[in-house]
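The exercises below are meant to be worked through with the sequence and the structure side by side. Each begins with a task and continues with a solution that goes step by step.

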Amino acid sequence: MDLGTVIETRALSKRFGGVVAADNVNFKVRSGELRCMIGPNGAGKSTLFAMLCGIERADSGQIFIFGQDVTRMQAFRRVRLGVGLTFQTNRAFHELSVRENLTIPQASAKLENKEAGQARFEFALDAFELDPNDETKAAELTHNQLQWLEIAMILVGYPSLILLDEPAAGMASDETLRTAKVLKYLNSTGLTTVVVEHDMAFVKNVAQTVTVLHQGQIFAEGSVAEITAHEDVRKIYLGWA
Amino acid sequence: MDVLPLVLSLLYQFVTGAAFFFLAALGLVIILGMMNIINLAHGELMMIGAYTATITYHAGVPFWLAAILGFFVAAAFGAVLELLIVRRFYGRELGALVVTWGVSLVLGQGALLFFGPFLPSIGIPGGSFSYGDFSFSDYWLILVFISLLLILGLWWLYNRTSYGLQAKATMQNAEMAKSLGVRTSHIYTLTFSLGAGLAGLSGALLAPTVTIAPFMGQQFVAPAFITVVVGGATNVIVGAVASSALLAAVKTPIGMAFGAFSGTVALLLAALIIIRIMPNGISASLQKYFTRRTGRAMR
Amino acid sequence: MSTIVGLIGGGADIGRTRVFWVGFGVVVLLFLLYPTQTSAFRVSNVSFYLLNIPLGLGMALLWGYCGVLSFGHVAYFGIAGYTYGVIAGNLSGNPFGPLAGVAGGLLASALVAGIFGYFVFYARVQKWIIPILTLVLTLLLETFLGQTAGYQWRIGSVLLGGYNGMTGIPWFQLGGFVFEGYSFYYLCLFLVLACYFGLRMLLNSNFGQVVVAIREDELRTELLGYDIRARQWAVFVLSAMLAGLSGLLYVQWGNYITPSQVGLLQAALPVIWAAVGGTTSLLAVVISAFTLNWVTYTLSSQGNQYAMVIIGALLVGTMLFFPRGIVVMVAERLGRLVTRRPTPSRP
């Protein structure tokens with residue numbers, strides 16, 4: 001495997017009882033990419049995401065991150081390789097202050113990325129208008145601010161790869177645009193980014209390459225233009241066929 | 001050396017041991033399965049059942065009736081507890097643990113103050129018989145039989161009655177059950193009451209085998225908790241039965257070889273090892289095994 | 001120096017203003033002067049209330065800050081006490097005996113907690129299992145110690161003593177100086193303050209912040225790169241050592257220890273101190289532990305039978321009406337003086 005590959009899964013499979021959540025998935029992300037993962041509900045996006053994070057164990061197959069076999073690796077060790085993750089439902093520390101939310105991640109920072117990482121973090125703080133000394137309890141922030149807080153939190157660790165699960169969920173179009181801009185900028189500095197998203201407006205704004213999942217398999221992969229023109233993709237989303 | 005009596009004795013020890021664990025854990029298991037609450041007043045509810053049985057027995061009531069009275073008195077206590085205290089802790093498991101522990105202190109100490117340090121004991125009904133070098137108690141065999149009846153009774157209750165259906169629905173998804181017309185608060189009270197009553201019944205049934213004192217429940221607490229921890233909450237009846245059997249299988253040989261206390265220590269060690277391998281208890285692992293094989297839920 | 005001040009003053013516990021610290025200083029001064037005003041008997045009683053505080057602090061650390069509830073924490077109290085008795089008793093001529101006993105006691109608590117903690121945390125069990133299994137452990141310990149009567153139950157020359165317990169436990173001494181009476185009182189006071197400030201600093205440090213984060217959201221903390229099991233295990237062992245410290249002080253206070261110290265009734269007490277005080281504040285638990293020990297000790301030495309019923313009812317009442325703890329909720333009412341955060345500024 002070449003050094004440019006950040007994520008690679010080989011024949012990754014997982015079932016839950018009778019449901020096939022992942023079926024022989026070969027997913028590959030190269031360094032510096034901004035990849036969006038889309039697919040109808042039940043397509044297996046969350047399962048694939050969870051397996052990449054280490055929250056779920058695959059039944060079979062392998063996962064490589066930064067060239068290392070992480071298939072059996074515990075979640076926290078994967079993060080220490082330089083990965084940042086956000087969740088579908090916001091998991092900032094709601095009972096703690098903004099300042100605490102932004103200082104807790106620090107001990108696991110990847111120090112070789114310090115300069116670039118620090119720059120990215122400060123950019124995000126600025127773009128999202130977050131004050132690292134703010135003592136306001138996170139629960140008192142608006143939904144949008146909470147989402148942005150969680151993104152800023154994972155940047156504290158100076159990751160080289162970030163995986164975001166529906167970062168624009170629940171946002172109106174202005175905030176969605178802002179989120180998209182920030183992610184695009186961060187990616188342009190070299191931060192490999194994988195985003196799971198439903199919002200096609202967001203995807204169109206942000207993605208270079210789109211992976212479409214359907215029934216646990218990679219259904220199609222290509223640029224935004226290719227995917228939106230793809231007849232079968234429209235079918236699975238709109239339920240024809 | 002005559003092997004058959006030894007084998008029978010081992011079998012007897014195993015089966016009565018399993019019955020002991022099952023009876024000790026029964027009430028606890030019902031409440032845990034339904035509400036995800038460990039009722040730390042469990043030992044005291046057993047004591048209440050035992051005290052009711054003892055007092056009524058010594059007043060002339062036949063033992064079997066006294067035991068059934070024990071069920072009802074403990075069930076009544078359970079209902080009151082649930083209505084006044086426990087229902088405020090649904091969703092707060094640790095809080096429920098702590099508050100029921102406070103209740104257990106009050107009940108235990110209260111019994112001490114009210115009834116004094118001892119009550120006259122109940123003689124073990126029935127006799128015993130020997131085979132080879134070993135003696136077997138009639139009463140314990142009856143308890144084994146009663147345990148089996150209880151298992152069947154509970155299976156019938158949960159799978160063949162309207163209460164059982166409503167209870168299972170509430171366990172799975174209380175909000176949904178409510179919107180379908182199930183009175184979930186009634187179900188909770190009934191279930192807690194049932195668990196308390198069963199604890200009282202167990203206490204009454206086990207009363208002839210122990211000294212009747214305010215803290216008599218304590219000796220059942222450790223085995224009951226271990227049984228529940230090993231069994232898990234996924235399917236309480238299956239978990240309790242499997243766990244009782246497994247724990248008896250551990251305790252019997254070790255207890256015979258090294259004495260009763262070593263047997264109990266072995267139980268704790270076994271429990272620690274089992275939860276390391278099966279963190280959600282035996283019932284969860286059995287459930288996983290069955291769904292993998294058949295794609296269906298376990299009955 | 002400023003980091004130390006920062007660590008002490010941080011938000012992990014209530015009380016950060018100047019007024020608070022002045023009040024705190026006054027209270028400490030009162031404690032320092034107390035022995036000059038009363039009899040040796042009363043000083044001994046207050047020593048008893050003080051020596052239980054580290055156990056309470058251990059509970060607050062584990063339960064309030066880390067989110068792990070241990071019902072059987074008194075087991076470590078007993079293990080340390082008995083171990084000290086065995087080691088110091090066997091080395092009774094030796095001037096280093098008591099020191100070895102202390103080291104041995106703390107080590108024994110840490111070891112048992114370490115092994116137990118490994119099984120419990122690395123198995124990722126459901127939260128309610130930990131209180132149950134810790135309780136079972138302490139009950140088993142009580143049963144075991146209770147049946148150690150008789151001459152065959154001894155380690156070296158020290159008898160375990162069965163239900164009557166171990167007696168004649170040697171005093172702790174440094175050099176030739178024996179800590180008893182007034183000097184023991186000051187030792188307890190010093191250790192309580194050291195533990196309190198040490199923990200306060202620990203909880204204000206990054207280590208402590210991550211502990212709180214684990215309590216708030218384990219998954220999120222793990223996915224920030226932290227080994228949460230290792231950290232929970234470490235906090236568990238530390239809190240066991242605090243319980244052990246109380247046990248060590250206890251055997252100094254009475255020169256004896258019995259199996260009932262690890263039994264069911266004793267096990268309830270630290271849980272009650274922590275719940276009544278408010279597990280999220282070290283200071284609140286210091287106050288409640290001291291006060292409740294004073295209450296129970298006074299009640300039982302008056303022959304009052306109702307002590308445990310009252311305590312049990314207090315626990316139930318606190319859980320129902322003061323879920324965050326009586327001291328903490330009173331402090332919250334006192335408002336601005338003791339809030340943990342200044343009024344939030346709106347963006």
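Helices (H or I, at least four residues) and strands (E, at least two) are DSSP runs, numbered from the N terminus. The model is a predicted one.

**Exercise 1. Find where F66(A) lies, and decide whether F66(A) is buried, partly exposed or exposed.**

Solution. Start with the position: F66(A) belongs to the loop that joins β5 (60–65) and β6 (68–69) of chain A. Next, look at the backbone, where F66(A) has a positive phi of about 50° although it is not a glycine. Finally, count the surroundings: a residue is buried at 20 or more other C-beta atoms within 10 Å and exposed at 12 or fewer, so F66(A), with 18 C-beta neighbours inside 10 Å, counts as partly exposed.

**Exercise 2. Describe N24(A) and V196(A) by their strands and by their surroundings.**

Solution. Take N24(A) to begin with, which is found in strand β2 (residues 19–25) of chain A. Its phi is near 55°, a positive value in a residue other than glycine, and with 15 C-beta neighbours inside 10 Å N24(A) counts as partly exposed.

Then turn to V196(A), which lies in strand β9 (residues 192–196) of chain A. Here the count is 23 other C-beta atoms within 10 Å, so V196(A) is buried. Once neighbours within four places in sequence are left aside, the contacts of V196(A) are M37(A), K45(A), F49(A), D165(A) and E166(A). As a last step, compare sequence with space: V196(A) and K181(A) are 15 residues apart in sequence, and their C-alpha atoms are 16 Å apart.

**Exercise 3. Work out which helices of chain B supply the side that touches chain C, and what classes of residue are found there.**

Solution. The contact draws 32 residues from chain B and 33 residues from chain C. On the side of chain B, α4 (93–115), α9 (218–231) and α11 (260–277) each supply at least two residues, and the largest share, 14 residues, comes from α4(B). Sorted by class, this side of chain B has 22 nonpolar, 7 polar and 3 charged residues.

Now examine α4(B) itself, which has 23 residues and reaches 32 Å from its first C-alpha to its last, close to the 33 Å expected at 1.5 Å a residue. After α4(B) comes G116(B), whose phi is positive, near 80°.

**Exercise 4. Check the span of α11(B) and find what its buried residues pack against.**

Solution. The 18 residues of α11(B) should span 26 Å at 1.5 Å a residue, and because its end C-alpha atoms are 26 Å apart, the two values agree. The buried residues of α11(B) are G263(B), T264(B), L267(B), A271(B), L272(B), I274(B) and I275(B). They pack against α9 and α10 (236–258) of chain B, together with α6 (97–122) and α7 (129–146) of chain C.

As for α7(C), 15 of its 18 residues are buried, and the helix is thus mostly covered.

**Exercise 5. Decide how α4(C) and α8(C) are oriented to each other, and do likewise for α12(C) and α13(C).**

Solution. For the pair made of helix α4 (residues 53–65) and helix α8 (residues 182–204) of chain C, the axes come within 10 Å and cross at roughly 15°. Angles under 35 degrees count as roughly parallel, and therefore α4(C) and α8(C) are roughly parallel to each other. Their crossing is right-handed. The contact is formed by I53(C), P54(C), L57(C), L61(C) and Y65(C) of α4(C) with L191(C), V192(C), C195(C), Y196(C), L199(C) and L203(C) of α8(C); by class, these divide into 11 nonpolar, no polar and no charged residues.

For the other pair, helix α12 (residues 264–277) and helix α13 (residues 282–301) of chain C pack at an angle of about 125°, with their axes 8 Å apart. α12(C) and α13(C) are therefore oblique to each other, and their crossing is right-handed. Among the residues that make this contact are W273(C) of α12(C) and L292(C) of α13(C). The contact of α12(C) with α13(C) has 9 nonpolar, 2 polar and no charged residues.

Definitions and conventions:
Residues are numbered from 1 along each chain as its sequence is written. Chains are lettered from A and ligands numbered from 1 in the order in which they are written. This is a predicted model: local features need pLDDT of at least 70, side-chain atom pairs count only at pLDDT 80 or more; totals for chains, interfaces and linings use all residues. Two residues are in contact if their C-beta atoms, placed from the backbone, lie within 7 Å. Ala, Val, Leu, Ile, Met, Phe, Trp, Tyr, Cys and Pro count as nonpolar, Asp, Glu, Lys and Arg as charged, and the others, Gly among them, as polar. The expected span of a helix is 1.5 Å times one less than its number of residues. Axes are lines fitted to C-alpha atoms, for helices over the stretch in contact, and angles run from 0 to 180 degrees between N-to-C directions. Angles under 35 degrees count as roughly parallel, over 145 as roughly antiparallel, 65 to 115 as roughly perpendicular and the rest as oblique. A crossing is left-handed if the near helix is turned anticlockwise from the far one by less than a right angle, and right-handed if clockwise.
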